[in-house]
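Welcome, and please open your viewer so that we can walk through this protein together. Keep the selection tool handy, since each stop begins with something to pick.

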Amino acid sequence: MRYKLMIELVPDGCWYSNLRTILSRKQWDFLKADAKRRANGKCMICGKKTDKLDAHEKWSYDRENRMQKLEDILAVCKDCHSVIHMERTQLMGDAERAEDHFMKVNNCSYVEMRKAMGIANEEHQKNNQVSEWLLDLSYLKRFAKD
């Protein structure tokens, strides 16, 4: 089942490989501001109204072509961001709160949440079989000036 709020486990080889490390601070701030402008003061996932939105890089992974593709940059609340990065959240000791938020946003049971987590873990294991990912940043072309 596809939920509104998903757990996204980044392949181990892609940790610390993100736009903030590739782009200049000015470029990253521009992209972050664009996401927040599009969000209009609300989390783009759960709809919570807040002035404290994080910028989340939405990636897809094509194992066959070894391609990590940037799909979007979303403005999300801290609660949704903690669910998206559940692995980090678990390490920080705040998994229960994130699990509760997942169930609330997705209107699902504990069993359904655990199943979604299992599926995310299976995908993570498969993605970790790719030793090196190519990067597709074509999403950023929309910001290029002609």
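Start by selecting Glu123 and Arg63: their side chains form a salt bridge, with the closest N and O atoms 3.0 Å apart. Glu123 sits in helix H6, while Arg63 is in the loop between E1 and E2, so this pair ties together parts that are 60 residues apart in sequence. Keep in mind as you look that this is a predicted model. How exposed are the two partners? Glu123 is partly exposed, with a relative accessible area of 34%, and Arg63 also counts as partly exposed, at 31% relative accessibility.

**Stop two: along helix H6**

Stay with Glu123's helix and select residues 110-127, which make up H6. Try the distance tool on the C-alpha atoms at the two ends: they are 26 Å apart. That agrees with what is expected, because 18 residues at 1.5 Å a residue should span 26 Å.

Which residues of H6 are buried? Colour Met113, Ala116, Met117, Ala120, His124 and Asn127 to see them. Now look down the axis of H6: these buried residues fall within an arc of 100 degrees, so they line one face of the helix. Turn to the other side of H6 and you will find Val111, Lys115 and Gln125, which are exposed.

What do the buried residues of H6 pack against? Show strand E1 (54-62), helix H4 (86-91) and helix H5 (95-106), and you have the answer.

**Stop three: helix H2**

Next, select residues 25-39, which form helix H2. You can repeat the span check here: 15 residues at 1.5 Å a residue should cover 21 Å, and the end C-alpha atoms are indeed 21 Å apart.

Colour the buried residues of H2, which are Trp28, Leu31, Asp34, Ala35 and Ala39. Seen down the axis of H2, they fall within an arc of 140 degrees, so they too line one face of the helix. On the other side of H2, pick Arg25, Lys26 and Arg37, which are exposed. To see what covers the buried residues, switch on H1, E1 and E2, which are included in that cover. Before leaving, click on Asn40, just after H2: Asn40 takes a positive phi of about 55 degrees.

**Stop four: a network of charges**

Select Asp34, Arg37, Arg38 and Asp72, which are linked in a network of salt bridges. Begin with Asp34 and Arg38, whose side chains meet in a salt bridge of 3.1 Å, N to O. Both lie in helix H2, four residues apart, which is about one turn of the helix. Is Asp34 buried or exposed? Asp34 counts as buried, because its relative accessibility is 12% and the cut-off for buried is under 20%.

Now move from Arg38 to Asp72: these two form another salt bridge, with the closest N and O atoms 3.2 Å apart. The pair links distant parts of the chain, since Asp72 is in strand E2 and Arg38 in helix H2, 34 residues apart. Asp72 is buried, with a relative accessible area of 18%, whereas Arg38 is partly exposed at 32%.

**Stop five: inside strand E2**

While you are at E2, click on Gln68, which is found in this strand. Gln68 is buried, with a relative accessible area of 2%. Which residues does Gln68 touch, not counting those up to four places away in sequence? Among them are Cys14, Ser17, Trp59, Tyr61, Trp133 and Leu135.

**Stop six: two loops**

Select Arg66, in the loop between E1 and strand E2 (67-76). The phi of Arg66 is near 55 degrees, a positive value in a residue other than glycine. Then jump to Asn107, in the loop between H5 and H6. Here phi is near 50 degrees, again a positive value in a residue other than glycine. Arg66 is partly exposed, with a relative accessible area of 38%, and Asn107 is exposed, with 71%.

**Last stop: the surface**

Finally, turn on the surface view and select Trp15, Tyr16, Leu91 and Met92. Together they make a nonpolar surface patch of about 540 Å². Tyr16 is placed in the segment before helix H1 (19-22), and at 68% relative accessibility Tyr16 counts as exposed.

Terms used:
Residues are numbered from 1 along each chain as its sequence is written. This is a predicted model: local features need pLDDT of at least 70, side-chain atom pairs count only at pLDDT 80 or more; totals for chains, interfaces and linings use all residues. Side-chain values use heavy atoms; hydrogens and water are left out. Patches are made of residues with over 30% relative accessible area and no salt bridge: like charges are joined within 9 Å, nonpolar side chains (Val, Leu, Ile, Met, Phe, Trp, Tyr) within 5 Å. Accessible areas come from the Shrake-Rupley method with a 1.4 Å probe; for residues, only the protein chains shown count as cover. A salt bridge is a side-chain nitrogen of Lys or Arg within 4 Å of a carboxyl oxygen of Asp or Glu. Buried means under 20% relative accessible area, exposed over 50%, partly exposed in between (1.4 Å probe, protein chains only). The expected span of a helix is 1.5 Å times one less than its number of residues. The arc is that of the directions from the helix axis to the C-beta atoms. Contact means heavy atoms within 4.5 Å.
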